[in-house]
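Hi,

Here's the structure I promised to pass on. Have a look at it first, and then read my notes below.

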Amino acid sequence: MLRGEVLSVNLGVVTTLPGVRGRTAIDKQPTQHIDVRDPGPKKGGQGSGVVGDGIGSRKHHGGYAQAVYAYATEDYDWWAAQLGRTLEPGLFGENLTTRGLDLTHALIGEEWTIGSVRLRVEVPRIPCATFAARMGEKQWVRRFTEAGRTGAYLSVQVPGRISAGDVVMVNRPAHDITLLDAFRAVTGDRQLARRVLDAGVLYPTEHEYLAARV
């Protein structure tokens with residue numbers, strides 16, 4: 001069983017940011033702990049799976065399969081070297097900043113046990129204009145897509161509280177479909193898309209979305 005750590009837990013409120021069109025909660029700030037719950041469906045649900053965490057656009061964020069967003073400090077370190085700047089936890093809008101976990105190659109459906117909480121890896125993050133405006137880097141969406149270091153959206157299987165410093169125990173399923181596979185499938189690799197669809201590992205709405213693109 002794999003083991004990692006929660007380096008930081010982060011919350012954001014809906015606000016306006018310079019250069020960002022509309023209102024957003026991408027500006028997440030570290031806090032002592034977060035409480036996670038199943039927010040229900042994207043349409044008509046509670047939005048974020050993190051209590052007190054804002055969502056600017058419920059059309060594109062939140063709901064069961066995007067309840068909690070995690071990003072790895074190792075990927076932050078890689079980006080910091082690429083961009084020549086310091087990147088603090090929460091900058092990418094994640095609720096959990098992890099250490100010791102390879103999120104790029106996390107398996108769809110792997111389960112994370114954090115104390116009494118259990119989360120399930122569901123889908124990769126797809127970069128958007130809000131994210132690009134937040135970063136202020138040229139061709140950010142293209143660069144993020146090419147790198148494939150997407151971080152992980154997770155569903156909440158068992159609710160509870162997560163704090164900075166908590167241990168993450170990872171139980172991996174038997175298949176080999178990774179977040180990177182799912183990301184490449186969604187962003188244009190049709191052969192890989194068919195492989196991901198045939199594996200039947202995606203959450204139903206995400207499966208339907210990918211199937212419509214193939």
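One term before we start: a residue counts as partly exposed when its relative accessible area falls between the buried cut-off, under 20%, and the exposed one, over 50%. Keep in mind too that this is a predicted model.

So where does Gly100 fall? At a relative accessible area of 48%, Gly100 is partly exposed. You'll find Gly100 in the loop that links β5 (96-99) to β6. Apart from residues up to four places away in sequence, Gly100 touches Arg3, Gly4 and Glu74. Leu7 is 93 residues from Gly100 in sequence, yet the two are 9.5 Å apart in space, C-alpha to C-alpha.

Now follow the chain into β6, residues 111-114. Side chains in a regular strand alternate between the two faces of the sheet. In β6, Trp112 and Ile114 make up the covered face, while Glu111 and Thr113 sit on the uncovered one.

What does β6 pair with? On one hand there's β7 (residues 117-124), antiparallel to β6 over four bridges. These two strands form a hairpin with two residues in between, and Gly115 in the turn has a positive phi of about 65°. β6 also runs antiparallel to β10 (residues 167-171), with three bridges joining them. Across these pairings, Trp112 stands opposite Leu119 in β7, and Thr113 stands opposite Met169 in β10.

Trp112 is worth a click: the largest nonpolar core has 37 residues, and Trp112 is among those that touch the most other members, as is Leu119. There's also a second, separate core of 18 residues, including Tyr69 and Leu87.

Cheers

Definitions and conventions
Residues numbered from 1 in each chain as written. Predicted model: local features only at pLDDT ≥ 70, side-chain atom pairs only at ≥ 80, totals over all residues. Heavy atoms only, no water. Buried < 20%, exposed > 50% of the residue type's maximum accessible area, 1.4 Å probe, protein only. Pairing = 2+ DSSP bridges. Core = buried A, V, L, I, M, F, W, Y, C linked by side-chain atoms within 4.5 Å. Contact = heavy atoms within 4.5 Å.
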